[in-house]
Amino acid sequence: MEWEDEWWALDKAQHLLACLLITLLVAALAGRSRHAFLRRRSAAIGSVASLFAGAAKEAGDEIGLWRSAGGSAKDAVADLLGVVLALIVIDLWRRWVRSTRRRRDEDEGFSMV
C-alpha cells in the first residue's frame with residue numbers, strides 16, 4: 001500500500017464518486033426487493049457491496065492487474081468517504097419521504113393515531 005500519492009488527485013474523486021454511486025444503486029435495488037429483510041438492510045447491503053468493490057480494485061492494483069502504482073490507502077479512504085456520503089443521502093431521502101407521507105396523510109384528514 002502506498003501513501004505517497006496526492007490527496008487531491010483525480011483518482012480520489014473517481015473513487016469517491018464510484019463508491020457513492022455503487023452504494024446508492026445497490027441500496028435502491030435492495031430497497032425494491034420483495035424480501036423485507038433485504039429492504040430493511042438496503043443501506044448496509046449497498047455499503048458492503050461498494051466497499052467490496054473498492055477493496056477488490058485496490059487488491060487488483062496491488063497485484064498488478066491494472067496499470068497503476070499499486071494499491072493506495074488514500075484510495076481506500078476516498079472509497080469510505082463515498083460510502084459515508086451515500087449513507088447521508090439515503091438518510092436524508094428517507095426522512096424527506098417520511099415527512100412527505102405524513103404531510104399528505106394530515107392533508108387528507110387521515111390519522112393513524
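## A buried threonine in helix 1

At 0% relative accessibility, T23 counts as buried, and in this predicted model its place is in helix 1, the helix that covers residues 10-31. If the neighbours within four places in sequence are left aside, T23 is in contact with G46, S47, S50, V83, A86 and I90. Of these residues, G46, S47 and S50 are listed where helix 1 meets helix 3, while V83, A86 and I90 are listed where helix 1 meets helix 4.

The position of T23 can also be described by a distance to helix 4, because T23 and G82 are 59 residues apart in sequence and yet 8.3 Å apart in space, counted from C-alpha to C-alpha.

## How helix 1 packs against helix 4

Helix 1 and helix 4 pack at an angle of about 40°, and their axes are 7 Å apart. That angle makes helix 1 oblique to helix 4, and helix 1 passes helix 4 in a right-handed crossing.

On the side of helix 1, the residues that take part are D11, K12, H15, L16, C19, L20, T23, L24 and A27. They meet a set of residues in helix 4 that includes K74, D75, A78, D79, G82 and V89.

## How helix 3 fits in

Helix 3, which covers residues 42-63, packs with helix 4 at an angle of about 165°, with their axes 10 Å apart. That makes helix 3 roughly antiparallel to helix 4, and the crossing of the two is right-handed. The contact is made by S42, A43, S47, S50, L51, G54 and E58 of helix 3, together with D75, D79, L80, V83, L87, I90 and R94 of helix 4.

Helix 3 also packs with helix 1, here at an angle of about 140° and with the axes 7 Å apart, and helix 1 passes helix 3 in a right-handed crossing as well. Among the residues of helix 1 in this contact are H15, C19, I22, T23 and V26, and among those of helix 3 that they meet are A43, G46, S47, S50 and K57.

## Charged pairs

Side chains of opposite charge can pair when their charged atoms come close. With a cut-off of 4 Å between the side-chain nitrogen and the carboxyl oxygen, the count for this model comes to four salt bridges, and three of them are described here, beginning with those of K12.

The side chains of D11 and K12 meet in a salt bridge at 3.1 Å, N to O, and K12 forms a salt bridge with D75 too, the closest N and O atoms being 2.9 Å apart. K12 lies in helix 1 and D75 in helix 4, so this pair ties together parts that are 63 residues apart in sequence. D11, K12 and D75 are thus linked in a network of salt bridges. Within that network, K12 counts as buried at 6% relative accessibility and D75 is buried at 4%, whereas D11 is partly exposed, with a relative accessible area of 26%. A9, in the segment before helix 1, is likewise partly exposed, with a relative accessible area of 26%, and the C-alpha atoms of A9 and D75 are separated by 9.8 Å although the two residues are 66 residues apart along the chain.

A further salt bridge joins D61 and K57, whose closest N and O atoms are 2.6 Å apart. Being four residues apart in helix 3, D61 and K57 are separated by about one helical turn. D61 counts as buried at 4% relative accessibility, while K57 is partly exposed, with a relative accessible area of 31%.

## A buried aspartate without a partner

What is the nearest side chain of opposite charge to D79? It is K57, which is 8.4 Å away, and D79 is buried yet has no salt bridge. A salt bridge requires the nitrogen and the oxygen to be within 4 Å, and K57 has its own salt bridge with D61.

D79 has its place in helix 4, which covers residues 73-107. Not counting residues up to four places away in sequence, D79 touches H15, C19 and G54. H15 and C19 are listed for helix 1 in its contact with helix 4, and G54 is listed for helix 3 in its contact with helix 4; D79 itself appears on the helix 4 side of the contact with helix 1 and on the helix 4 side of the contact with helix 3.

Technical notes
Residues are numbered from 1 along each chain as its sequence is written. This is a predicted model: local features need pLDDT of at least 70, side-chain atom pairs count only at pLDDT 80 or more; totals for chains, interfaces and linings use all residues. Side-chain values use heavy atoms; hydrogens and water are left out. Buried means under 20% relative accessible area, exposed over 50%, partly exposed in between (1.4 Å probe, protein chains only). Lys and Arg count as positive and Asp and Glu as negative; His and the chain ends are not counted. Contact means heavy atoms within 4.5 Å. Axes are lines fitted to C-alpha atoms, for helices over the stretch in contact, and angles run from 0 to 180 degrees between N-to-C directions. Angles under 35 degrees count as roughly parallel, over 145 as roughly antiparallel, 65 to 115 as roughly perpendicular and the rest as oblique. A crossing is left-handed if the near helix is turned anticlockwise from the far one by less than a right angle, and right-handed if clockwise.
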